[in-house]
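Hi,

Here is the structure I promised to pass on to you. Please have a look at it first, and then read on for my notes on what turned up.

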Amino acid sequence: MTDISSSSSSQMWDVFQGAHMEILIFFSAFVFHYVIYGKRKSTSTKQKSVNLKIATDHNDGNTVARSLSSLLNEAPVVETNLKISGSESASQVKDLLQAAGPETQLVVVKAAIAKQRFDVLTRFLALHPASGQGFSQISLLKNLVRKNLLDEALQCIKVVPPSAAAYNAVLEVLVERKDVQKTREIISLAQKVGQLDANGYNALIRVLTSSGQPEQAKKAMSKMATFGLRPNLGAFHALLEFAVKSSPCDEDSMFALVQEIKAIGLSPNNATCAILLKSLQKGSREGSVKRVLQIVDDRLREQPDDTLLGSLCEACNRSGYMHELLPRLKLARKRDGPLKVKCAHTVGSIIRAHASNHDLNGVWRTWREMKENQVQPSRITIGCMVEALASNGEADSALAVINEALADPQSKDLVNAVMYSSVLKTFSQDKQFDRVWSVYQEMLDRNIQFTVTTFNALLDACARSQEIDRAAPLLRAMSDQNITPNIITYGTVIKAYCAANQLDAAFEVFEDMQQTPNMAPDEVVYNTLLDGCARYGRFERGMKVIDTMRAAGIPASNFTLSLVAKLASRSKQPEKAFELVEQLQAEFKVELNMHVFNNLLHAASLTRDLPKAKSTFAQMLSQRVKPDGRTFSLFLRTCISNKAFETALVTLRAAVGLAQDSELWTRNSTDCQLLAALRYLPSRGGAALKRGTHAIPHDVIQDVFQNVSAYAQKSADARLQAEAAALLQDIFQVMPGLQVDIHVQRRLLPGA
């Protein structure tokens, strides 16, 4: 038993030891397995994490390069100049994309979306900066929409971090296209994802306004306030543009919008002012002009720029308020300092403004400042300078500017025949015909390319100088240069023949003109022929011109009527002047102007028809037609020739703006119509006739007092002499420079 028991115990121990060993081996194996395979698993997990990071790190060059390479391989039909091997770095891929250009970038986007490779699209977009000019996500989105790839642009927005800027980029292009429906759709999408900001609403306002829905735009502007958003100036500018471009201009809405801008804490800027200045047109009300300019003044004091100054010049010129411009240019100069203008076009506008006010000092100052600011003049700038000088009688200075430009390699190619034409016209008007032909020769020597305007200016010189022989060579030169004559050319040649008393030749040109296609004579041509007939007293031929003009459907104007009156007077049929003018006035509904009335007064003076002269003068004044010096001269001489001295004194007193002598006025009560009409003549209107080109000639005033004093002395009319003496003393007070013969003064003012 003991042996058996001992043997059994020994076997059990062996089993225990074997089991122990197996457990140890198992445990060791477990530990070893854990160490080996557990580490590999951890490494695998870590590797997976790294791979995920690479998948989201879109700037990893190899990944992007491989992705783009595989995309282009999957879509072999896509032709691009983008060559990627798949091993490029991120910066290299970016450089390749930039070099390939926007069109290739659009191709990549389209291919990625078509193949549903949004991973590639995501990595591709991540290479682009979010914003900026050129290579950026914003630029790419705009290009997509401009190429009618709106869906592709929206898909791009989905795979990049959400931003209002991306939606705004799309909206900006839709606004350019005035696409109201798509704009509303994008705004709705942006609102759903919480990316709608003030710029989105501003875009909606702009597109609604540009598509002719300003009321809807205003509702959108009101809705912004409910979200705590504020419209920008761009939105207001769209509404302002609409108000300004309305016909007629919606001034009430325009000024109300300016008040709204200020009410929400914004201030009108230079662009705002430029839009407001567009409202200033010919016929604009003075009050509206003043209100706009008051807003502009605030900007001129702060920061005027080229846009504002150019718009201001154009607006004042367009509306006829040039007298308002120079003070504002001075304001912009800031204490008489220089204007910092950098745009050559604006320089030209400022030069033109000074020229229209006959301010040559301002013209030259602006030209010097342009050079000091190192602004290279454009063809328009040089043309404005030449025209500014020439139109103010400085033809030699204008020619010097042309020669200066020709001497400068940067500007020599900018000189053209139009500039020379300005010089030619001024020399011609000043009767410096030798200079006209010397400039013409200079143009030939310099091989200046002539225009029809150039030849018209030269032909006009022929007409003014009566050198009709020069016309034929000029016309041949036009033909040689394949320059087609226009209606002004024909009219100028007719004028030249009329000036040279070659009416037959003038009518031949007229008949040739009638036979030329698309060259129907206009009113100017008919009036030129009529003036030629009037100049030489060819009454019957002149009346045929009127008949032809009527048959052609050309209405008579005031100029036509003044020539008809002149025709009758020069043809020694002055009484017909009144009949013809009355007939044509009724037929063509013409309101007579000063020149017609003056020629009628001249007709009356030829026959010494004082009643007709009185009624004509009274009609002129009662119709508020302002007389000039010639008007008074003609009427006063008619009074003198008829010995109507008291009427002459009453009229002369009114002419120089003096208060009437009530006693003298009463004694002339038989001239009721004239006296009543003289009351329409304002004192300031009469006073203006004391000086300038329309002033009453001093010799006419001298004649009045000469004849009145002689008659009063001869007839011993003390009362008339006293009235004349009183008037002479009063006139000396308002016209201190008046020269009156000493003998006349002694007769009227013996004690002086």
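K572 is exposed, with a relative accessible area of 76%. This lysine sits in the loop between α30 (558–570) and α31 (575–588), and its phi is near 60 degrees, a positive value in a residue other than glycine. Before you read too much into any of this, please keep in mind that the model is predicted.

A716 makes a good companion to K572. Its phi is also positive, at about 55 degrees, although A716 is not a glycine. You will find A716 in the loop between α39 and α40 (718–734), and with a relative accessible area of 63% it is exposed. As background, most residues other than glycine have a negative phi, and most peptide bonds are trans.

That brings me to the backbone at S247 and P248. A cis peptide bond joins S247 and P248, with omega at about 0 degrees. P248 belongs to the loop between α12 (233–245) and α13 (251–263).

Now for the chain as a whole. What does the chain have in the way of helices and strands? There are 41 helices and 0 strands. Of its 752 residues, 47% count as buried. If you take the contacts in the chain with a separation of 6 or more, residues 24 or more positions apart account for 65% of them.

A few individual positions help to show how the helices meet. I701 lies in helix α39, which covers residues 698–715. Is I701 buried or exposed? I701 has a relative accessible area of 0%, which is under the 20% cut-off, so it counts as buried. Leaving out residues up to four places away in sequence, I701 touches L652, I696, M735 and L738. Its C-alpha atom is separated by 8.5 Å from that of S633, although the two residues are 68 apart along the chain.

V108 can be read in a similar way. This valine lies in helix α4 (residues 102–114) and counts as buried at 2% relative accessibility. Not counting residues up to four places away in sequence, V108 touches L68, L71, L82 and F124. One of those partners, L71, is 37 residues from V108 along the chain, with 8.4 Å between the C-alpha atoms.

F124 also turns up in the surroundings of H128. The side chain of H128 reaches the backbone oxygen of F124 at 3.0 Å. H128 is found in the loop between α5 (118–126) and α6 (137–146), yet H128 is buried, with a relative accessible area of 3%. Its contacts, leaving aside neighbours within four places in sequence, are with Q105, F135, S136, Q137 and L140.

A400 is a helix residue with another kind of setting. Helix α21 (residues 395–407) holds A400, which is partly exposed, with a relative accessible area of 41%. The C-alpha atoms of A400 and V386 are separated by 9.0 Å, and the two residues are 14 apart along the chain.

On to the cysteines. How many disulfides does the structure hold? The number is 0. Two of the cysteines are worth a look for their surroundings. C156 counts as buried, at 2% relative accessibility, while C343 is partly exposed, with a relative accessible area of 29%.

Last, the part I expect you will open first: the pockets. The largest pocket has a volume of about 250 Å³. Which of its 13 lining residues are the closest to the centre? They are K495, A499, T528, D531 and R535. The elements that give two or more residues to this lining are α24 (452–465), α26 (487–499) and α28 (523–535). Among these, α28 gives the most, with 6 residues. By class, the lining has 5 nonpolar, 2 polar and 6 charged residues.

If you want a short tour of the model, I would begin at the cis bond between S247 and P248, go on to the positive phi of K572 and that of A716, and finish in the largest pocket at K495, A499, T528, D531 and R535.

Best wishes, and happy browsing!

Note on methods: Residues are numbered from 1 along each chain as its sequence is written. This is a predicted model: local features need pLDDT of at least 70, side-chain atom pairs count only at pLDDT 80 or more; totals for chains, interfaces and linings use all residues. Side-chain values use heavy atoms; hydrogens and water are left out. Helices (H or I, at least four residues) and strands (E, at least two) are DSSP runs, numbered from the N terminus. Buried means under 20% relative accessible area, exposed over 50%, partly exposed in between (1.4 Å probe, protein chains only). Contact means heavy atoms within 4.5 Å. A disulfide is a pair of cysteine sulfur atoms within 2.5 Å. On a 1 Å grid over the protein atoms alone, a cavity is a set of points where a 1.4 Å probe fits but cannot get out, and a pocket is an open set with protein on both sides within 12 Å along at least five of seven lines; lining residues have an atom within 4 Å of a point. Grid points are joined across faces, edges and corners, and a volume is the space filled by probe spheres set on the points. Ala, Val, Leu, Ile, Met, Phe, Trp, Tyr, Cys and Pro count as nonpolar, Asp, Glu, Lys and Arg as charged, and the others, Gly among them, as polar. A polar contact is a pair of N or O atoms within 3.5 Å; within protein, one must be able to donate a hydrogen and the other to accept it, and residues adjacent in sequence count only if both atoms are side-chain atoms.
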